[in-house]
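Grab a pencil and get ready to look closely at a protein model. Each exercise below has a task and then a solution that you can follow step by step.

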Amino acid sequence: MELAAADISSELTDFTNHDILHGQGQDLTPDTPLLELGILDSLSMVSLLAFIEERYGVKIAEEEIAPKHFSDLQAVTTLILTHTQNQEAGARPADELRQLVSLQQSYGLRSVEVETPGRRHHMLQSDGAEPMWLLLPALGNPSTSWAPVMRALSGEQRSVALDFGGFGLSEYKGEAPSYIDHVEATLAVLDQLTAAPVVLVASSAGAMVAVEIARRRPDKIHALVVTGFGLIADPDSWWRELRSLSVSPEKFMEAAYYSPPPLTPVLRRILAGVLARPAYYSFLDQGGLEAMRASFDDIQTPTLFVAGEADRIIGRQAVEDACARIDGACVSWIARCGHFPPVERPEPFLWYVRDFLQSL
Amino acid sequence: MQEQYDVVILGTGPAGATAAAYLAKEGLSVLAVEKDDFPRFHIGESLTGSAGLVVRELGLEAAMAELDYPKKPGVTVIGHQAKNEFFVPVMEQTWQVRRSTFDALLRDRAIENGMELLSARALKVERDGDVVTGLRVAPAGGGAERMIGCRMFIDASGQAAFLSAQGVAGPRRGDAFNGQMAFFSHYEDVPRDPGPFANNTTLFYSELHHWAWMIPISSTVDSFGVVLPKETYKQVASSPEEALAWGIANINPEIAGRFSKAHRVEKVRAFREYSYRIDPFVGPNWACLGDAHRFLDPIFSYGVSFAMMEARQIALKMTACWNDADLEEPLRDFAKWSDTGQNIAHDLIKYFWKFPVFFGYQMQNVALRNEVIQLFGGACFHPEAMRVPALFREALGEESAQIVRPPASQQPMALSA
């Protein structure tokens, strides 16, 4: 696809007039000063970047999001052209999850694969000091959901975020995996990665895998951090509710975030892709729900809970009940934050985890 | 009291007291002249990481805890309509302070280190040609005017900018953020964020140049202030009380929620035409510190911290060269150092307002973010090897303080009589 500058700038002008200014911008031309007129704010910027990515297959790196490239639509056109001209044919990964990974690679994270008997696991890694942090994603989330935290750790702290089997870029052949399968696979990966104890950090239902590992192999776990999870009083109705939420991406985002990000077409496709995976359902349907009731029993590892005050998927009571089951555990609450503190408030999240590790 | 001191300092706020504490500790004879009775109210209640370092160097860490000053994890910035938010951690242990007691604490430390204190009003600086030789004062409570001689005179008179008013330092010129007005007071019963983050500074912003701060200054009291352009003030309020009420209701939805049960425990004060600079601000045997030569804008709480860092810097420079024939070199170095830091801080604030969307994206980019965190902490004075100052300079063009004006140290400066 060879696009001329004139085509791009006219498409960008149409998009800005219709989708950003909602038809109020008939006077807008490619050289209208966007910044001086305050046309670009944080929300319209997200829409514009999503449009560029969809239409031209160009992912603008954060590094390039600078005033000089967005002074007017002409400048944006030039920016897009530098990308399309540098793009080798077919170089762009077709799959959205691979695109997310390659974007994180451009920020210095590494994409690593590990083989355990019969399985291939994909993970994202930051290099740095030991002890390693092993980051387990929420049910359905890819390893890249840890990227905001990992990029802040990059160069300072070794961390590995795993794609659970059947999610992200990790394969799972045969039957859809149960949560016990994930526990065993994660332990096998952990044994390959390091012999030393690790800091195990897990989000949402990923924490079910983490606590089971801490219970079975306390020698391997230096400290445990659980975020967006707790002791759910009635797992069956909780799971029913979550599944009904998941039918509509809008409803799910509304419940999961304090301020939900705009649902771009890319995000919509990623969400739909997750919900179509058998592994999303087998995680809890095959024995996971029963196990939930005893998730936090017999844990000896020092544990921190980090919870968003506005989490509408795991309530305050569930977090406090889980915390009460573990000797010496405590909860750090984050204001104006929903179900995914590492995504929505990565900096306060990291601050609390580091503070906790220092206190040990 | 003597007739002659090594150093005479006018003003015992954070700039004067810090300079005195460092200089007196090195064995110089130091007299500080202060017109106000302490303790007294002052605005500027949050310290950056670099100021925290000065507090610890002065051995005041234990006293900070006794005074119930909150330990500050960082700054939470809540954006327009509370739709986005970011957090900037401090790099060094530091505190939020109540200025009435904090300023007294610093001054007491200076006295313990050997500073003498004279309660008096400054009348006139004495010079021999261009060289400052002493200060003429009127003692408090009456008594004859007297002349105190010194080798070095430091103006730490704050916004009064004594040496500028005397025509010794340059004229006071409005700086980039003039035309803003601040209205503020102290409140109780304002809900805070949970855990240690209760001690954060919270900044709330709205459209261009409309913002508010919340700074916890003890376990129960919060400093709260609203900053508005003059034009907005004229449209929405006819008194400081009304302006503050308007700000609570309109700046950011997050503020309105927090203030429903709050009650005010101090009178409402206002602060205007506060952004200015004075150039030159050093000369033969004299220098101006902190607000006595420059105040940018209160948004990132640079005021007290810059005053204390400048005071430490000039004290270290001067004591290292005290036995030299003149003080030209340390003063020149100090001016250059100050200009570098203040100009970068200026650009940081300007860029934040001019390009808020891009500032937000840059805060997500780890490399740039780490630099911005350091700049917030006071690293403006040591920008070597940083990329962000150049990025701001390039984006701001003509409006950058880093390129629009040559640093004062490059301007001709007569340092000998």
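Here come some exercises on this predicted model, each with its solution.

**Exercise 1. The contact of the two chains**

Task: Find how many residues chain A and chain B each bring to their contact, and which element of chain A gives the most.

Solution:
- Step 1. Start with the count: chain A brings 23 residues, and chain B brings 21 residues.
- Step 2. Next, look for elements of chain A that supply at least two residues each; these are α2 (42-56), α5 (147-153), β8 (330-334) and α15 (346-359).
- Step 3. Pick the top contributor: α15(A) gives the most to this side, with three residues.
- Step 4. Finally, sort the chain A side by class, and you get 11 nonpolar, four polar and eight charged residues.

**Exercise 2. Two helices in chain A**

Task: Work out how α1(A) and α2(A) are oriented to each other.

Solution:
- Step 1. Helix α1 of chain A covers residues 5-20, and its axis is 11 Å from that of α2(A).
- Step 2. The two helices pack at an angle of about 140°.
- Step 3. Angles over 145 degrees would count as roughly antiparallel. That cut-off isn't passed, so α1(A) and α2(A) are oblique to each other.
- Step 4. Add the handedness: the crossing of α1(A) and α2(A) is right-handed.
- Step 5. Now see who meets whom. From α1(A) come A:E11, A:F15, A:D19 and A:I20, and from α2(A) come A:S44, A:S47, A:L48, A:F51 and A:R55. By class, the residues of this contact are four nonpolar, two polar and three charged.

**Exercise 3. Two helices in chain B**

Task: Do the same for α1(B) and α9(B): which orientation do they have to each other?

Solution:
- Step 1. Locate the helices: in chain B, α1 is residues 14-25 and α9 is residues 303-320.
- Step 2. Their axes come within 8 Å and cross at roughly 30°.
- Step 3. Angles under 35 degrees count as roughly parallel, and therefore α1(B) and α9(B) are roughly parallel to each other.
- Step 4. The crossing of α1(B) past α9(B) is right-handed.
- Step 5. Look at the residues in this contact. Those from α1(B) include B:A15 and B:Y22, while those from α9(B) include B:M308 and B:I314. The class count for the contact is 12 nonpolar, two polar and two charged residues.

**Exercise 4. Domains in each chain**

Task: For each chain, find how far apart the centres of its two domains are.

Solution:
- Step 1. In chain A, domain 1 is 5-86 and domain 2 is 96-359.
- Step 2. The C-alpha centres of these chain A domains are 35 Å apart. Eight residues of domain 1 touch seven residues of domain 2.
- Step 3. On the domain 1 side in chain A, the classes are four nonpolar, one polar and three charged.
- Step 4. Over in chain B, domain 1 is made of 1-45 + 98-174 + 277-417, and domain 2 of 74-92 + 179-272.
- Step 5. Here the centres, taken over C-alpha atoms, are 27 Å apart. The contact uses 13 residues of domain 1 and 21 residues of domain 2.
- Step 6. Helix α12 of chain B (residues 366-376) supplies the largest share of the domain 1 side, three residues.

**Exercise 5. Buried or exposed?**

Task: Decide whether A:S204, B:S400 and B:A385 are buried or exposed.

Solution:
- Step 1. You need the cut-offs: 20 or more C-beta neighbours within 10 Å means buried, and 12 or fewer means exposed.
- Step 2. A:S204 is in the loop between β5 (198-203) and α7 (206-216) of chain A. This serine has 25 such neighbours, so A:S204 is buried.
- Step 3. B:S400 is in the loop between α13 (388-396) and α14 (401-404) of chain B. Its count is 21, so B:S400 is buried.
- Step 4. B:A385 sits in the loop between α12 and α13 of chain B. With a count of 6, B:A385 is exposed.

**Exercise 6. Unusual backbone**

Task: Which peptide bond of chain A is cis, and what phi does A:S204 have?

Solution:
- Step 1. Recall the background: most residues other than glycine have a negative phi, and most peptide bonds are trans.
- Step 2. The bond from A:E130 to A:P131 is cis, with omega near 0°. A:P131 belongs to strand β3 (residues 129-136) of chain A.
- Step 3. Chain B has a cis bond between B:D279 and B:P280, with omega about -5°.
- Step 4. As for phi, A:S204 has a positive value near 50°, and B:A385 has a positive phi of about 70°.

Technical notes
Residues are numbered from 1 along each chain as its sequence is written. Chains are lettered from A and ligands numbered from 1 in the order in which they are written. This is a predicted model: local features need pLDDT of at least 70, side-chain atom pairs count only at pLDDT 80 or more; totals for chains, interfaces and linings use all residues. Two residues are in contact if their C-beta atoms, placed from the backbone, lie within 7 Å. Helices (H or I, at least four residues) and strands (E, at least two) are DSSP runs, numbered from the N terminus. Ala, Val, Leu, Ile, Met, Phe, Trp, Tyr, Cys and Pro count as nonpolar, Asp, Glu, Lys and Arg as charged, and the others, Gly among them, as polar. Axes are lines fitted to C-alpha atoms, for helices over the stretch in contact, and angles run from 0 to 180 degrees between N-to-C directions. Angles under 35 degrees count as roughly parallel, over 145 as roughly antiparallel, 65 to 115 as roughly perpendicular and the rest as oblique. A crossing is left-handed if the near helix is turned anticlockwise from the far one by less than a right angle, and right-handed if clockwise. Domain bounds come from an automatic or database domain assignment.
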